[in-house]
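Work through these exercises with the model open beside you. Try each task before reading its solution.

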Amino acid sequence: MNKQELLHKWMNDELTGAEESALREDPEMRAMMEIAVQTRGMEAPEFPKDAVWKNIQQLNKPTKVRTLQPLKFIVRIAAVFAIVAFSYVFWQGLDTDVNTAIAEKTEIILPDQSEVALNANSFLTYNQQDWKDARTLRLDGEAYFKVAKGSAFVVETDLGDVTVLGTQFNVFARENLLKVSCFEGVVSVSLDQEVITLRAGDALELETGKTVKNLTTSLSAPRWLQDESSFNNAPLTQVLNELEHYYNIQLEVSDIDLEKRFTGSFTHQDLDIALQSICNPLQMTYSVLDKNKVVLNEAE
Amino acid sequence: MAIKNSQDEPNVCEERTYNALYSAHGQALWNFAYYKCGNADDASDLVQEAFVKLWNNCSKVSFAKARSFLYTVTNNSFLNAVAHQKVVLNYRSMQSSGVDKQSPEFLLEEKEYGKKLNAALNTLTEAQRTAFLMNRIDGKKYKQIAEELDISVKAVEKRISQALVSLKKNLDGFNK
């Protein structure tokens with residue numbers, strides 16, 4: 001066995017003491033053995049075992065913890081639900097608006113089961129969430145109310161608030177005209193200056209700048225619920241305005257006295273019949289042009 | 001208590017096995033990486049990369065092959081990425097602690113020798129140094145080194161012989 005081989009054996013701790021002593025006889029071998037011994041005394045810097053392990057685990061995570069993926073998915077779904085729920089709550093906090101177009105009527109059940117019939121071309125707004133605390137709604141147009149018993153039920157209009165406790169009544173609030181008819185129970189109407197109480201069968205009419213007219217009604221429900229508008233000694237302007245709520249028409253009245261008084265009613269279902277109902281008693285003629293244009297004239 | 005079949009090879013994909021591999025080979029692999037690149041941070045990166053690759057390929061690497069897989073990956077990554085730096089090793093004297101050897105002169109001489117030896121190690125090729133230090137510092141037999149470097153035992157012998165000749169030449173005249 002040559003000395004190189006013996007040296008390698010020695011490096012692998014496979015040499016006996018005697019063989020090692022023999023090998024040391026050679027000065028070259030001895031020098032290399034000395035270097036090898038000294039090198040054994042060297043050491044590498046400290047291995048940051050825990051830090052490296054932490055990093056490895058961090059790096060392995062995405063594939064290691066597969067269950068994270070479905071969790072993420074669930075979180076996403078939950079987020080969507082949260083947004084929907086939030087929007088719902090937010091939406092609930094907003095006012096509920098009900099609009100009717102010309103010739104359109106609708107019925108609304110309020111949160112307390114009170115019923116509202118909303119006439120054509122009208123606007124009603126209330127807050128669904130606050131309804132428990134305050135039964136208040138705002139009306140621009142005409143509506144009939146069947147109020148469930150409970151706390152004060154208030155209809156706000158431009159000209160005044162109508163307050164009731166549990167009754168059936170009609171409120172007409174268009175432009176500068178307010179008409180309230182009470183069909184059952186008691187209704188209180190608060191105007192700027194006074195508070196008027198209406199009992200079943202009472203009605204009132206108020207035009208901006210004019211005095212309140214006390215009227216009576218013999219009806220059990222407003223006529224418009226039967227698709228009719230009725231007037232008692234009303235100026236023609238009012239009648240024609242009303243007509244425009246039920247028929248999508250443009251009225252042209254060149255040589256007609258709009259202060260003419262009209263007593264009677266017209267239907268909401270047929271324009272011709274309605275026009276006849278208005279024109280015949282007042283000695284007027286009418287002609288329907290295209291594009292829903294209606295021209296009224298004094299009869300010859 | 002579950003009866004274990006000793007014939008069953010541990011599965012590298014099992015966390016317990018994976019952890020055990022790190023405990024068993026982490027230190028030596030890090031040293032190996034350090035002998036090559038001479039930078040502790042790079043060595044840590046190499047070890048991390050090797051273990052992460054082992055985890056990603058755990059189903060393809062058998063437990064028996066895991067060790068050589070780690071060394072091969074580390075070596076490849078080193079060749080690909082890491083800039084070579086000087087290896088800095090701590091030197092602690094291997095001399096028996098006789099009273100006469102503790103004189104200031106002797107200690108100074110030891111320190112000088114350590115520096116010189118370290119410098120000489122850095123003149124070796126990366127292949128020579130790695131094989132030599134794996135044997136000297138980590139106390140690995142040639143056979144084990146050959147497995148880890150994926151070379152023959154003869155090649156290990158050659159590298160270590162070359163290392164010793166080169167070191168002797170560099171340290172000549174340093175009377176130790």
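**Exercise 1. A strand-to-strand pair in chain A**

Is E252(A) buried, partly exposed or exposed, and what is its relative accessible area?

*Solution.*
This is a predicted model.
Step 1. Take the class limits: buried means under 20% relative accessible area, and exposed means over 50%.
Step 2. E252(A) has a relative accessible area of 39%, so E252(A) is partly exposed.
Step 3. Look for a partner. E252(A) forms a salt bridge with K293(A), with the closest N and O atoms 3.5 Å apart.
Step 4. Place both residues. K293(A) sits in strand β19 (residues 293–298) and E252(A) in strand β16 (residues 250–253), so the pair ties together parts of chain A that are 41 residues apart in sequence.
Step 5. Classify the partner. K293(A) has a relative accessible area of 32% and is partly exposed.

**Exercise 2. A pair that reaches a loop**

Which residue forms a salt bridge with D26(A), and how many Å apart are the closest N and O atoms?

*Solution.*
Step 1. The partner is K3(A), and the closest N and O atoms are 2.9 Å apart.
Step 2. Check the limit: a salt bridge needs the nitrogen within 4 Å of the carboxyl oxygen.
Step 3. Locate the two ends. D26(A) lies in the loop between α2 (17–24) and α3 (27–40) of chain A, while K3(A) lies in helix α1 (residues 3–11), so the salt bridge ties together parts 23 residues apart in sequence.
Step 4. Compare the cover. D26(A) is buried, at 17% relative accessible area. K3(A) is partly exposed, at 42%.

**Exercise 3. The layout of chain B**

How many helices and strands does chain B have, and in what order do the elements run?

*Solution.*
Step 1. Count the elements: chain B has seven helices and one strand.
Step 2. Read from the N terminus on: the order is α-α-α-β-α-α-α-α.
Step 3. Check the cover. Chain B has 176 residues, and 45% of them count as buried.
Step 4. Look at the outside. Chain B exposes about 9,400 Å², with carbon and sulfur atoms supplying 51% of that area.
Step 5. Look at sequence range. Among contacts in chain B with a separation of 6 or more, 68% come from residues 24 or more positions apart.

**Exercise 4. Helix α5 of chain B and its salt bridge**

How many of the 11 residues of α5(B) are buried?

*Solution.*
Step 1. Nine of the 11 residues are buried, and α5(B) is mostly covered.
Step 2. Name some of them. The buried residues include F132(B), L133(B), M134(B) and R136(B).
Step 3. Turn to E126(B). At 22% relative accessibility, E126(B) counts as partly exposed.
Step 4. Find its partner. E126(B) forms a salt bridge with K36(B), with the closest N and O atoms 2.2 Å apart.
Step 5. Trace the link. E126(B) is in helix α5 and K36(B) in helix α1 of chain B, 90 residues apart, so the pair links distant parts of the chain.Step 6. Classify K36(B): its relative accessible area is 3%, and K36(B) is buried.
Step 7. Look for a wider set. R67(B), K140(B), K143(B), E147(B) and E148(B) are linked in a network of salt bridges.

**Exercise 5. The interface of chain B and chain A**

How many residues does the contact take from chain B, and how many from chain A?

*Solution.*
Step 1. The contact takes 48 residues from chain B and 34 residues from chain A.
Step 2. Add the area. About 4,000 Å² is buried between chain B and chain A, and carbon and sulfur atoms give 63% of it.
Step 3. Find the main contributors. In chain B, Y22(B), R136(B) and L164(B) lose the most area to chain A, together 19% of what that side buries.
Step 4. Search for charge pairs. Side chains of opposite charge can pair when their charged atoms come close. The rule finds one salt bridge across this interface. The side chains of D13(A) and K141(B) meet in a salt bridge, at 3.7 Å from N to O.
Step 5. Widen the search. Across the interface, 12 residue pairs are in polar contact.
Step 6. Assign the elements. Those that give two or more residues to the chain B side include α1 (15–37), α2 (40–56) and α7 (153–171). The largest share, 11 residues, comes from α1(B).
Step 7. Sort by type. The chain B side divides into 25 nonpolar, 15 polar and eight charged residues.

Key
Residues numbered from 1 in each chain as written. Chains lettered and ligands numbered in written order. Predicted model: local features only at pLDDT ≥ 70, side-chain atom pairs only at ≥ 80, totals over all residues. Heavy atoms only, no water. Contact = heavy atoms within 4.5 Å. Buried area = accessible area lost by both parts, 1.4 Å probe. Polar contact = N/O pair within 3.5 Å; in protein donor to acceptor, adjacent residues only side chain to side chain. Helix = DSSP H or I, 4+ residues; strand = E, 2+ residues; numbered from the N terminus. Nonpolar A, V, L, I, M, F, W, Y, C, P; charged D, E, K, R; others polar. Buried < 20%, exposed > 50% of the residue type's maximum accessible area, 1.4 Å probe, protein only. Areas by Shrake-Rupley, 256 points an atom, 1.4 Å probe, with all protein chains shown as cover.
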